[in-house]
Amino acid sequence: MNPRATGTFAAAGKSLLLQVVAHPDDDLFFMNPQCHQLLRSGLPVVTVVVTAGDASGRNRVPHELAPMISNRPGYSGARQQGMRQAYAEMLGLGRFTGWERSALSLPHGVSAETDLLVAGHLQARLIFLNIAMRSEGGMRLPELWNLPRAVMHTLPVTDSTVSQAYTYDHQTLVDVLAWLMNRFGPTVIHTLDPDPDYQVHDAAHPKGNDQPHFSDHRDHTPTALFTWKAMSQWVADSDRRQGHAPRFTAVAYRGYYNQRWPHNLPLAVLDQKARYITAYGGSPQWECNDRAGCGDYSQGGNHALTSRKGWARSTHLRYPGSSPVPTTDRFGRIVAYGVLGTQAVRWRETAARSGRFGAPGNLGGGPLAPALSVVTDAAARHLVFGLRFSALDGEGRADTREIVVLEQRRAGGPFGSWRRLGTPDVGAERGRRVGCPVAVATPDRRVHLFARTAGQGLAARTREASGRWGPWRQLGGQQVQDGLTVILDKAGRVHVYAAGHDTVRHWAQSRPGGPVTLRPPTGLRAPDGPPAAVLASGGHIPLIYRAPGEAVPYVYDNEAGEVGTPLRLFTGYGAITAQVAAGPTGRAMPVLLGMADTGHAEIQYGTSGDTTPLLAPGRPVTVGSPSLMARGGHPLAVVGMSPDGTPWIWRPQIAPRA
C-alpha cells in the first residue's frame, strides 16, 4: 500500500464487474440490485466465491424435520448449482441452461472451478475457490486473516471440475485475488464490509448468524479485508509493472446489518431481487440434472420475502455518499473529486459547460474508502476529506483506519500533503468502525468535520479560522446510520441530520459559531436511510426521505409537519439529495436527485407531488450514488460515475413554462 501514489491511470477501456464474496449467495442478498442492473446493461460479471459454503453440510428443506446426514461436498455443490440457476435467470435464460465449466490455474499451484455462461452480448462467470468454511483444527477465515502461519484447505466439491484439495495461507489468498483482478481487469469491484458495526446480542437482538459482538457473518469480514488488501497489491503491482494504476471503482456492501436497520428497498425492486434468490434456493423437486442438488433449499420458494431476518429487503453501502463530488473552479468549469483505483482523484471539465471531463489527476492518499467529502473554505480553497485504510496487514499486525484531509495551499493552486485527523474513537478496533467523513465550511472561516462513531453516535472536529484543528468531540445521539446530511441555515448555523431506527436525529448550532449539540427527537417517521435537506425560501429546512420499504418519498416541512407531503411520481430507491436551483420558470426552487428502479439518475424540480421527474438521457447505470450541484450561480448539473471508471455530466435542459 502506498498512500503517496500519484501516478497516472490506465486509459478507459472495456468495463467489467468483479465481485468477491464469502458464500454462494452473498451477491444475491447484499449486492443486488446493482449486480443485476450492471449485468443487464451489458457489463460482463465475474463473481469469485472464496469459501465452499459448506457450513453444516445439511441442505435442509423447509418444514421437513427428518434428521439429515451431513454431506459438505454435496451441499456446497448444490449451492453452486443454485448460483448458476440465479445467474442464468439474470441473463434472461432458462434457469437450467448449461454452463461451460472448466478449471482455472491460479498462483501458488492452486486451481479453481470457473463456469461461464454467455447470452448474446451478456455474460457471467463464476469462480469457486472452495476454501472449506472450517478446516482442520477448527481453522476459519478470521484466523486465516489474523493469525501468522495459519493454513486452510479447499473442499473437493461434488461433480466439480476440480477434484484435488489445495492449501491456502494468508498470502496465497491475497495473491490469488490480486491475480484474478489483473487477469480480468475490472472497472467496478463489489465486496463486503471489512469493518462491521458492533452489535449487542440479547433477547431483543438474537445473535442468529452474526459473529460474536458484530453485526455480520464471521466469513464476510475477512473476505472483505482480503479483497481490500488484494486491491492495494494489484494497484501497486500495476503501477510498478505498467507505469500506471488500474482504473476501477470499489463498492462495499453491508451484510447482516440489513437485519438490524429499517429496510430500504421498495416492493418492485425487492420482488425482482427475491426472484433470483428463489432461483438460487431451488427445490428438491426441480430437475436440474446436477447430482449435488438443485440449490440451497432453505432459501427457495418465498423465503426471501418471509424471513424474519429480512436480509433481502435492503441494500446498504458500507461507505455511503455521493461520488464523484462536484464543485467549480474560477473558470466556471466543474471540478469533481472521487476515488479511483483506491486513490483520490480530481477531474476537470475540459471547458466551461463542455459536458466532458479530462483525464483524472491522481491526488494519492490511498488506499481510501470510496467516499469523499469536499468543501470550499472562506478563502476559496478546496479541502478533500477521506477515510483511509492506514494499515491493512493482518497476520497479527496492524489493522487501522484514519480520517485524512488534503488542502489546497491557495485558491485554484496546488495541494499540500495529506494530513491525518485520526478517528473519534480510541483504539484500533473501535477506530475501524468510524463512518465516512462529512464536512461543511461556515461563514466565520471555520470548517466543521463530522463522523459516525463506533457507538453509532456523532463526533466532530473543527478547523478554526487560524487553520488549527481542535480535538474530536463526542456529540452523542446513539443509534444512527452512517450517511450524514450537513447543511447551513439562513443565519449560517450548522445543522446535521442522520437516520435513526425510529426517527430522524438532529444536531445544530443555537448561534453561528456556537457548539453543535444534539436536539430533541424530531418526531418524524422512521427513514429508510439518510434524509435529504434543503434550505427553503422561507428560511426553514425541509427534509425529504422515504419510509422503510416505500418507493415514494415524502417532504417534511413546516406546512406538512409530521405527516409529510408525498412525491407520488418521484419513485425509486436509495439516497436522495437536494439543492436549490433555478427551475423551469427561472425561479429558485428545491431540486431533488434520486435513483429510479433501473439504477439510472432522475431529478425533480420542486416539492410538488404531481411533478414529473426527468431521467438522465443516454447515461449508463450509475455506480454508487450520483451528485447534484447547483451553487454560485452556475447552472444545475448532475455528476455520476460510469461503470468504465469515468464520470459523466448531465445538465438538464428544461423549456420554461409558458
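**Figure 1. Surroundings of threonine 172 in the predicted model.** Leaving out residues up to four places away in sequence, threonine 172 touches His108 and Thr167. The model is predicted. Threonine 172 is part of helix 5, which covers residues 170–184. Its side chain is joined to that of aspartate 169 by a polar contact of 2.7 Å. With a relative accessible area of 5%, threonine 172 is buried, because buried means under 20%.

**Figure 2. Valine 151 and its contacts.** Valine 151 belongs to strand 7, residues 151–153. Which residues is valine 151 in contact with, leaving aside its neighbours within four places in sequence? They are Met139, Leu144, Thr167 and Tyr168. For threonine 167, the C-alpha atom is 6.8 Å from that of valine 151, with their positions 16 residues apart in sequence. Threonine 167 also appears in Figure 1, as a residue that threonine 172 touches. The relative accessibility of valine 151 is 32%, and valine 151 therefore counts as partly exposed, the class between under 20% and over 50%.

**Figure 3. Two residues of the loop between helix 8 and helix 9.** This loop holds both tryptophan 286 and asparagine 289. Helix 8 covers residues 267–281 and helix 9 covers residues 303–306. Tryptophan 286 touches Gln85, Arg95, Phe96, Thr278, Ala279 and Cys294, when residues up to four places away in sequence are not counted. Its relative accessible area is 22%, and tryptophan 286 is partly exposed. Between the C-alpha atoms of tryptophan 286 and proline 73 the separation is 20 Å, and the two residues are 213 residues apart along the chain. Is asparagine 289 buried or exposed? Asparagine 289 is exposed, with a relative accessible area of 79%. Its phi is near 60°, which is a positive value in a residue other than glycine.

**Figure 4. Histidine 63, a residue with positive phi.** Histidine 63 is not a glycine, yet its phi is positive, at about 70°. The residue is located in the loop between strand 3 (45–51) and helix 3 (72–90). Its relative accessibility is 82%, and histidine 63 counts as exposed because that class begins over 50%.

**Figure 5. Two cis peptide bonds that lead into proline.** One of these bonds runs from asparagine 32 to proline 33 and is cis, with omega near 20°. Proline 33 sits in the loop between helix 1 (26–31) and helix 2 (34–40). The peptide bond from glycine 366 to proline 367 is also cis, and here omega is near 5°. Where is proline 367? It lies in the loop between strand 15 (361–364) and strand 16 (373–376).

**Figure 6. Arginine 505 in strand 26.** Strand 26 consists of residues 504–509 and includes arginine 505. The arginine 505 side chain makes a polar contact of 3.1 Å with the side chain of aspartate 502. When its neighbours within four places in sequence are left aside, arginine 505 is in contact with Val480, Val496, Tyr497, Ala498, Gly500 and Pro521.

**Figure 7. Alanine 536, a buried loop residue.** Alanine 536 is found in the loop between strand 28 (532–533) and strand 29 (543–546). Its relative accessible area is 17%; this is under 20%, so alanine 536 counts as buried. Aspartate 210 is 326 residues from alanine 536 along the chain, and the C-alpha atoms of the two are 43 Å apart.

**Figure 8. The whole chain, for orientation.** The chain contains 10 helices and 38 strands. Its radius of gyration is 24 Å, close to the 26 Å given by the globule rule for 658 residues, so the chain is as compact as a globular protein of that length. Along the principal axes, its C-alpha atoms fill a box of roughly 70 × 50 × 50 Å. What share of the residues counts as buried? The share is 61% of the 658 residues. Of the contacts with a separation of 6 or more, 59% are between residues 24 or more positions apart. The exposed area is about 24400 Å², and 50% of it is supplied by carbon and sulfur atoms. The chain has 67 positive and 51 negative charges, and the mean positions of these two groups are 7 Å apart.

Definitions and conventions: Residues are numbered from 1 along each chain as its sequence is written. This is a predicted model: local features need pLDDT of at least 70, side-chain atom pairs count only at pLDDT 80 or more; totals for chains, interfaces and linings use all residues. Side-chain values use heavy atoms; hydrogens and water are left out. Helices (H or I, at least four residues) and strands (E, at least two) are DSSP runs, numbered from the N terminus. The radius of gyration is taken over C-alpha atoms; the globule rule is 2.2 Å times the number of residues to the power 0.38. Buried means under 20% relative accessible area, exposed over 50%, partly exposed in between (1.4 Å probe, protein chains only). Contact means heavy atoms within 4.5 Å. Accessible areas come from the Shrake-Rupley method with a 1.4 Å probe; for residues, only the protein chains shown count as cover. Lys and Arg count as positive and Asp and Glu as negative; His and the chain ends are not counted. The place of a charge is taken as NZ of Lys, CZ of Arg, CG of Asp or CD of Glu. A polar contact is a pair of N or O atoms within 3.5 Å; within protein, one must be able to donate a hydrogen and the other to accept it, and residues adjacent in sequence count only if both atoms are side-chain atoms.
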